[in-house]
Amino acid sequence: MVKVLELASNEVVQQVSELYKDVWNYEDNSIKERILKHSSYKGFRGFVILSKEDKVIGFSYGYTSLPGQFYHELLAKEFNSEEYHNWLQDCFEFVELAVHPSYRKQGLGKILISKLVEEVDNKTTILTTQIDNNSARSLYESLHWKVLKEPFYPSNSIQPYVIMGKELK
Ligand SMILES: CC(C)(COP(=O)(O)OP(=O)(O)OC[C@H]1O[C@@H](n2cnc3c(N)ncnc32)[C@H](O)[C@@H]1OP(=O)(O)O)[C@@H](O)C(=O)NCCC(=O)NCCS
């Protein structure tokens with residue numbers, strides 16, 4: 001039985017930003033500010049999984065995707081009007097998912113994905129991940145996410161991404 005908590009308190013956000021840095025090898029301290037900023041967005045939902053020692057070992061979060069948001073606009077550019085209507089008009093953006101390397105392949109990623117979208121009221125959910133991120137892609141595919149576009153280069157990134165989506169209603 002794993003312990004799942006909402007991504008809410010300042011202390012949990014602090015632990016999540018440390019986990020984020022470990023997972024992505026990322027030394028940018030702005031991650032905490034970014035999570036705090038995103039937590040004020042409409043429809044924000046976030047979860048963490050705790051180890052037996054009450055350390056954060058995984059997290060997921062997202063929010064309602066709305067016009068004017070940086071990422072919504074990047075995604076909107078990739079879609080024609082029908083695709084926009086189908087996928088982005090009433091959409092929950094699945095922003096982050098990570099599990100500490102020592103705790104992978106135990107089903108925690110699946111719990112974090114399912115928990116995040118299970119009570120979302122939007123018609124669709126959408127995410128992007130690196131094209132070669134096979135562990136994430138196969139996990140999403142096993143949970144019936146579909147590939148919508150690839151390659152996608154967000155904001156002139158040199159790294160190609162894939163846009164994936166899932167219908168929730
Ligand atoms: C992607 C990520 C979140 C997956 O987390 P995870 O906890 O390993 O995910 P799960 O355990 O639910 O599933 C992973 C695989 O383990 C398998 N698995 C689950 N429980 C298992 C168990 N008890 N024994 C063996 N395998 C198991 C799943 O079937 C799945 O197989 P697949 O690779 O064929 O899909 C993790 O690899 C990670 O944090 N990666 C870096 C960050 C990242 O890429 N995030 C996503 C960006 S959008």
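Okay, let's start with the pocket. The lining of the largest pocket draws at least two residues from each of α1 (10–24), α2 (30–38), α3 (70–76), β4 (91–99), α5, β5 (124–130) and α6 (134–142). Before I go on, remember that this is a predicted model.

So, which element gives the largest share of that lining? That's β4, with 7 residues. The space in the largest pocket comes to about 1300 Å³. There are 42 lining residues, and W24, V95, E96, L97 and T129 are the closest to the centre. If you sort the lining by class, you get 22 nonpolar, 13 polar and 7 charged residues.

Now hang on to E96, as we meet this residue again in the salt bridges. The count there is 7. In one of them, the side chain of E96 pairs with that of R34, at 3.7 Å from N to O. Why care about that pair? E96 sits in strand β4 and R34 in helix α2, so the contact ties together parts that are 62 residues apart in sequence. E96 counts as buried, because its relative accessibility is 10% and the cut-off is under 20%. R34, at 26%, is partly exposed.

Next one: D121 and K169, whose side chains meet at 3.6 Å, N to O. D121 is in the loop between α5 and β5, and K169 is in the segment after β7 (161–167), so this bridge joins parts 48 residues apart in sequence. Buried or exposed, these two? Both D121 and K169 are exposed.

And a third: E150 with R137, at 3.2 Å, N to O. Here strand β6 (residues 146–152) holds E150 and helix α6 holds R137, with their positions 13 residues apart in the chain. E150 is partly exposed at 40% relative accessibility, while R137 is buried at 12%.

A couple of contacts along the backbone, then. V13, in helix α1, is buried, with just 3% relative accessibility. Its C-alpha is 6.7 Å from that of K32, although the two are 19 residues apart in sequence. S51 is in the loop between β2 (45–50) and β3 (56–65), and is buried as well, at 4%. From S51 to V2 the C-alpha distance is 7.6 Å, with 49 residues of sequence separation.

V2 takes us out to the surface, to finish. Together with V4 and I111, V2 makes a nonpolar patch with about 170 Å² of accessible area in total. I111 belongs to helix α5 (residues 108–118) and is partly exposed, at 30%.

Technical notes. Residues numbered from 1 in each chain as written. Predicted model: local features only at pLDDT ≥ 70, side-chain atom pairs only at ≥ 80, totals over all residues. Heavy atoms only, no water. Patch = residues over 30% accessible without salt bridge, like charges linked within 9 Å, V, L, I, M, F, W, Y side chains within 5 Å. Areas by Shrake-Rupley, 256 points an atom, 1.4 Å probe, with all protein chains shown as cover. Salt bridge = Lys/Arg side-chain N within 4 Å of Asp/Glu carboxyl O. Helix = DSSP H or I, 4+ residues; strand = E, 2+ residues; numbered from the N terminus. Buried < 20%, exposed > 50% of the residue type's maximum accessible area, 1.4 Å probe, protein only. 1 Å grid on protein atoms, 1.4 Å probe; cavity = no way out; pocket = protein on both sides within 12 Å on 5 of 7 lines; lining within 4 Å. Points joined across faces, edges and corners; volume = space filled by probe spheres on them. Nonpolar A, V, L, I, M, F, W, Y, C, P; charged D, E, K, R; others polar.
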